[in-house]
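User: I have this one open in the viewer and would like to go through it with you. Could we start with how some of the helices pack?

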Amino acid sequence: MTMSDERAPRPESGEPDILAELQAEVAEELAEERPPAGGPAYQVVGALVTLAVGVGGTVLSYGYGLGTLRKPGAGMWPFVVSLLITALSLALLVGGRQLADSERFTRSSLLPAIGILTFLGLGALMPAVGFEIPSLLLCVIWLRFLGGETWRSTILVSVGAVAAFYFLFLYGLGIPLPHLF
Amino acid sequence: MDLNAFADGFALVTEPHNMLYCLIGVLIGMLIGVLPGLGPSATIAILLPIVYSVDPVSAIIMLAGIYYGAQYGGTITSVLLRLPGEASTVVTVFDGFALARQGKAGTALGIAAIGSFVGATVSIVIMTLVAPVVAGWALDFGPQEYAALALLGVLLVATIGSGNTVKALIAATIGLLLATVGQDKFTGAERFTFGSLELQGGLDFVIVAMGLFGVGEILYNLEERHGKAHVPAKVSNVWPSRKDLRQSSGAIGRGSVIGFGLGVLPGGGAVMSSLAAYATEKRISKHPERFGRGAVEGVAAPETANNAAATSSFIPLLTLGIPANASMAMLFAALLVLNVQPGPQLIEERPDVFWGVVNSMYLGNLILLMLSIPLVGLFVRILLVRPAILAPLTALITILGVYTINNSTFDIFVMVVFGIIGYLMKKAGFEPGPMVLAFVLGLILEDNVRRSLIIENGDPLGLVTRPISGVIFAAFLLVALWPAAKLVFRRRKAPAVAPADRDHTTV
């Protein structure tokens, strides 16, 4: 108790505590809306993926030739970087199992998966049939099926958006997107 | 300081089309600040293709406006909804929302706007005076200094940011590795191209950033979106009373200084400075128990500091060519696209860009001050637009935008791949920020490390024996060893209380 009495007139000794407290509070604030943590399996998989990047990078860059310090080869820098990745990933693999910063995949993780497919679809179709129809399809899928909008607002927003982009890119910015009309 | 160039910069900024771009930039910034989800770096990433078709100065003025405008916008949701639009306005929630619940939302927003304006303006004035000096000083930097600076930058970004340090370091080192893809500048050998012609020229930073930040965040939001409606608190009487102003003037002054200082540091930026400013106010207050229950200083300090920091973080970019945070990395990319090499020579070679950007911030902040108060009602209404409607629009802007860069669908696929990586990183608890930043710095870093080795005849110690690079490396070691040192102190603290007290005084 005498310790705390001694400390009282020196408020700056409480400094790290307020900041740490604040950071914890902020983290909590941000965590409120997040889905449940993924658990140790997520951490291990994450660390294994980066470990694979590190090991792969090490092997490949060794093949590019390290050279000497006086005359560094093409592989020297990526080799050093890859070794670092490997070491850090091992540290994460050993010490990071209990971290709570991952997020579990849930049923709603299907939404981004479908989103990715629409991105790829637009990329693949655009050169062939112009951007209008694939963009319209993307909007409809995102609004109606991913976003749960009504058909009415889906149609209004998607037609409006495609028309707006048409005029913005082709006339406003003068950028030649592949287009049908 | 070259007064003529400074004045010419103002003339440039007041040209109608530049004022318009400034206005568009800060409005977009405020908008995305208000909307939870897309942050400033993601927005700048998504809009990067625009710089291919707009005049360089206007483009940079607009993109810069997005960054500091977002700091203003984030405040509104923090105060009214307890929902921080930006990470840098999270601490504002504590007292801002408390004030709103007491029916003083207007006071909180008014104080925040005034603090933001003062903080930013103080910061711009200091920058106007200091930046040319720093640039002049940095003209003597050789590859050794640049290597040291870039290395320190990568380390600071990884260690200061939120989240697990080891993970941030892994993300950063992978960013460094990604920067090596393509033909090696020194030997002409191909690295990590796997025979692809498209990869020979290396990964395009703009496309990687659009993927990791833009697409990654769009996908992440698609999953995390909660369809709940927000009912904001009522706003009345936005002008703070004289008593409120008096009460928060100290906080605004200190916030400006803290924000300016931390903003210059790589990895510091707006988030860290808002925390530090709030903590400072709480620490020196005679009634710290008021904080969290509606203290005006608790809004003034972080809001002032995050704007001061957002402004001062332009200094390392414009004078050294080293981006201090992810948003600055986006601006770095934009400058490179425009064929403007950021660095100490910028102020001499392209005074129009340098002074145009710096001076546009005077104007931009004035616009923000004038807009943020009357337009609060409008921005609150924007919150009622459902995220489901905005999502496909941002997705389309991103895809069509990336295509227009090279008229290439290959770019769309590269961007989507990095978008998937960015999304998975977020799920696994890795922040994409350090990776993007290290990617930019990686290009500078390898180049300068190898040049130094050649200059120093293969002696790696040559990197640290020059005075300036030596000091930077000392700072590097300090940052690198700090966590270990803290661990030792904590261990020593654990067994007895008495030595801990001594440690506080020595730290």
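User: How do helix 2 and helix 16 of chain B lie to each other?

Analyst: Helix 2 of chain B and helix 16 of chain B are oblique to each other, a class left over once angles under 35 degrees are called roughly parallel, over 145 roughly antiparallel and 65 to 115 roughly perpendicular. Their axes cross at roughly 55° and come within 10 Å, helix 2 covering residues 16–34 and helix 16 residues 351–372. Helices here are DSSP runs of H or I with at least four residues, strands are E runs of at least two, and both are numbered from the N terminus; axes are lines fitted to C-alpha atoms, for helices over the stretch in contact, with angles from 0 to 180 degrees between N-to-C directions.

User: Is this experimental or predicted, and how is it numbered?

Analyst: It is a predicted model, in which local features need pLDDT of at least 70 and side-chain atom pairs count only at pLDDT 80 or more, while totals for chains, interfaces and linings use all residues. Residues are numbered from 1 along each chain as its sequence is written, and chains are lettered from A and ligands numbered from 1 in the order in which they are written.

User: Back to that pair: left- or right-handed, and which residues touch?

Analyst: The crossing of helix 2 and helix 16 of chain B is right-handed, in that the near helix is turned clockwise from the far one by less than a right angle (anticlockwise would be left-handed). Helix 2 of chain B contributes B:N18, B:M19, B:C22, B:L23, B:G25, B:V26 and B:M30, and helix 16 of chain B contributes B:S360, B:L363, B:G364, B:I367, B:L368 and B:S372, contact being C-beta atoms, placed from the backbone, within 7 Å.

User: And helix 5 of chain B, buried or exposed?

Analyst: Helix 5 of chain B, residues 92–101, is mostly covered, with 9 of its 10 residues buried, B:F94, B:D95 and B:L99 among them. Buried requires 20 or more other C-beta atoms within 10 Å of the residue's own, all placed from the backbone, exposed 12 or fewer, and partly exposed is in between. After helix 5 of chain B comes B:G103, with a positive phi near 80°.

User: What angle does it make with helix 4 of chain B?

Analyst: Helix 4 of chain B, residues 56–81, packs on helix 5 of chain B at about 55°, the axes being 6 Å apart. That makes helix 4 of chain B oblique to helix 5 of chain B, and their crossing is right-handed. The residues in contact include B:T75 and B:V79 of helix 4 and B:V93 and B:F97 of helix 5 of chain B.

User: How about chain B as a whole: how many helices and strands?

Analyst: Chain B has 23 helices and 2 strands, and 61% of its 507 residues count as buried. Its C-alpha trace spans about 65 × 60 × 50 Å along the principal axes. The radius of gyration of chain B is 23 Å, which agrees with the value near 23 Å for a compact globule of 507 residues, taken over C-alpha atoms and by a rule of 2.2 Å times the number of residues to the power 0.38.

User: How many residues of each chain are in the contact between A and B?

Analyst: The contact takes 72 residues from chain A and 60 residues from chain B. On the side of chain B, helix 18 gives the largest share, 11 residues.

Key. Two residues are in contact if their C-beta atoms, placed from the backbone, lie within 7 Å.
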